[in-house]
Amino acid sequence: MTTKTTKVYLDYAASTPLDPRVLSKMLPYFDLHYGNTSSIHSFGQEAEAGLEAARGIIAESLNCKADEIIFTSGGTESDNLALRGTAFAERIRRSANHILISPVEHPAVSRTARQLAEIFKFELEFLSIDAAGMVDPDDVARKIKPTTALVSVIYANNEIGTINPIPEIGAICRNRGIPFHTDAVQAAAHLPPDVNLLNVDLMSLGAHKFYGPKGIGALYLRNQSQRLLIPQITGGSQEFGYRGGTHNTPYIVGMAEALHLAQIERSARHTRLVPLRDYLIGQVLESVQDAQLTGHMANRLPNHASFAFKGADGNELLMLLDIAGFACSSGSACKTGNPEPSEVLSAIGLDRTWALGSLRITLGYDTNEEMINALINILPTLVNKTRSRR
Ligand SMILES: *Cc1c(COP(=O)(O)O)cnc(C)c1O
């Protein structure tokens with residue numbers, strides 16, 4: 001055998017590699033500036049300086065004030081703090097008891113909202129979506145109430161790539177005086193995270209989706225001096241009292257650098273990724289029978305291609321692709337091994353025969369046309385193989 005088998009990673013929506021430029025910014029905070037940011041001595045001051053510089057860089061990217069950034073352990077914790085923290089605060093402040101979310105939220109939002117409904121007796125209502133998984137701002141205007149504690153709508157969907165009209169939804173919530181949260185964990189790698197353009201009051205980020213380290217994230221909280229959140233992790237007075245615990249300084253520094261790079265390189269990344277994505281989508285729809293694109297045709301993440309193949313077995317397909325050297329996903333990484341169709345694909349109206357045959361291909365910094373061609377060469381055969389076995 002002389003053929004070289006190289007693995008091709010096409011799952012950038014699940015996680016991204018750490019950018020070497022990010023790593024080099026992080027390293028001194030492991031072995032040189034290792035002090036606790038809360039300490040008075042010079043070691044603590046060095047760590048504190050790194051922390052506050054990072055907060056400033058993130059605030060610049062988000063077009064907000066530095067004290068509106070709360071660092072968390074990741075996107076999931078940020079979503080949890082936004083939802084539970086706001087729901088409890090608004091219940092205490094004004095007896096608000098109603099939560100409005102889309103039916104295509106990441107489990108970090110949807111399961112938190114369900115827990116708030118089931119255990120804490122909030123009234124949970126879902127917005128409608130169209131076949132592309134998009135929320136209609138008019139539906140928000142219809143369903144929002146004076147007793148709504150919080151509205152939460154995902155900025156760009158992780159499974160189907162669809163981008164929501166966040167600025168328009170935000171304007172409606174602002175008008176009614178209701179807090180509005182968006183999960184921008186997937187979007188931040190590619191879309192402008194400007195909280196003023198987006199009209200959001202809360203926004204969640206996670207660094208490992210934009211070439212930063214895993215296990216670090218942030219919550220943007222507008223005008224945090226108004227104390228609109230009940231903390232979920234109590235302890236020291238870090239993060240304005242909203243999130244106790246010693247700062248993970250190296251990761252925070254890394255997150256800031258990665259987010260900064262995503263801003264200054266956004267248009268270059270788009271220019272490279274969009275034609276590759278569109279080529280991939282066109283080729284897959286042309287070469288695989290009974291195939292459809294899931295999510296919006298045009299209004300989707302620049303690196304995101306997602307499909308449903310009628311009668312195919314999505315999990316089996318992922319295994320066959322892996323053996324052939326291609327790492328893809330069927331949707332949310334958390335759902336691997338779950339034989340039930342994904343909630344997101346069911347919510348956009350796909351029946352079981354389509355929804356169980358889903359495939360998500362997400363591109364990144366090292367993806368090239370050669371890799372796409374190699375994938376397209378084998379994909380139709382592999383899809384049909386899983387069809388005959390089902
Ligand atoms: C990955 C992801 C999360 C969870 O973020 P973690 O940092 O992995 O905890 C939340 N929401 C969306 C849309 C995501 O893609």
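Here are some questions and answers on a predicted model with a bound ligand, starting at the ligand and moving outward.

Q: Which residues surround the ligand?
A: Let's begin with the shell, where a residue belongs if one of its heavy atoms lies within 4 Å of the ligand. The ligand is surrounded by Gly 74, Gly 75, Thr 76, Asp 79, His 106, Ile 154, Asn 158, Asp 183, Val 185, Gln 186, His 208 and Lys 209.

Q: Which helix gives the largest share of the shell around the ligand?
A: The shell includes Gly 75, Thr 76 and Asp 79. Three residues of the shell come from one helix that spans residues 75-94, and this is the largest share: helix H4.

Q: How many residues of the shell around the ligand are polar by class?
A: Glycine counts as polar in this scheme, and Gly 74 and Gly 75 are in the shell. Two shell residues are nonpolar and three are charged, while the polar ones number seven.

Q: How far is an oxygen atom of the ligand from an N or O atom in the side chain of Thr 76?
A: A polar contact is a pair of N or O atoms within 3.5 Å. The side chain of His 208 has an N or O atom 2.8 Å from a ligand oxygen, and a polar side-chain atom of Gln 186 is 2.7 Å from a ligand oxygen. For the side chain of Thr 76, the distance is 2.6 Å.

Q: What percentage of the ligand's accessible area does the protein cover?
A: Side-chain contacts to ligand oxygen come from residues including Gln 186, at 2.7 Å. On its own, the ligand has 380 Å² of accessible area, and the part covered by the protein is 87%.

Q: What is the volume of the second largest cavity?
A: The structure holds four cavities of 30 Å³ or more. The second largest of the cavities has a volume of about 50 Å³.

Q: Which residues lining the second largest cavity also belong to the ligand shell?
A: The cavity lining consists of Tyr 12, Ala 13, Thr 16, Gln 186, Ala 189, His 190, Lys 209, Tyr 211, Asn 303 and Leu 363. By class, that lining has five nonpolar, four polar and one charged residues. Comparing it with the ligand shell gives Gln 186 and Lys 209.

Q: Is Tyr 211 buried or exposed?
A: Tyr 211, one of the cavity-lining residues, sits in the loop between strand E7 (202-206) and strand E8 (217-221). Its relative accessibility is 11%, and the cut-off for burial is under 20%, so Tyr 211 is buried.

Q: With which side chain does the side chain of His 181 make a polar contact?
A: His 181 belongs to strand E6 (residues 180-183). Its relative accessibility is 0%, so His 181 counts as buried. At 2.8 Å, its side chain makes a polar contact with the side chain of Ser 152.

Q: Is Lys 121 buried or exposed?
A: Lys 121 lies in the loop between helix H5 (107-118) and strand E4 (123-126), and its phi is near 60°, a positive value in a residue other than glycine. Most residues other than glycine have a negative phi. With a relative accessible area of 57%, over the 50% cut-off, Lys 121 is exposed.

Q: What is the relative accessible area of Asn 199?
A: Asn 199 also has a phi near 60°, and its place is the loop between helix H8 (195-198) and E7. Asn 199 is buried, with a relative accessible area of 17%.

Methods
Residues numbered from 1 in each chain as written. Predicted model: local features only at pLDDT ≥ 70, side-chain atom pairs only at ≥ 80, totals over all residues. Heavy atoms only, no water. Polar contact = N/O pair within 3.5 Å; in protein donor to acceptor, adjacent residues only side chain to side chain. Areas by Shrake-Rupley, 256 points an atom, 1.4 Å probe, with all protein chains shown as cover. Helix = DSSP H or I, 4+ residues; strand = E, 2+ residues; numbered from the N terminus. 1 Å grid on protein atoms, 1.4 Å probe; cavity = no way out; pocket = protein on both sides within 12 Å on 5 of 7 lines; lining within 4 Å. Points joined across faces, edges and corners; volume = space filled by probe spheres on them. Buried < 20%, exposed > 50% of the residue type's maximum accessible area, 1.4 Å probe, protein only.
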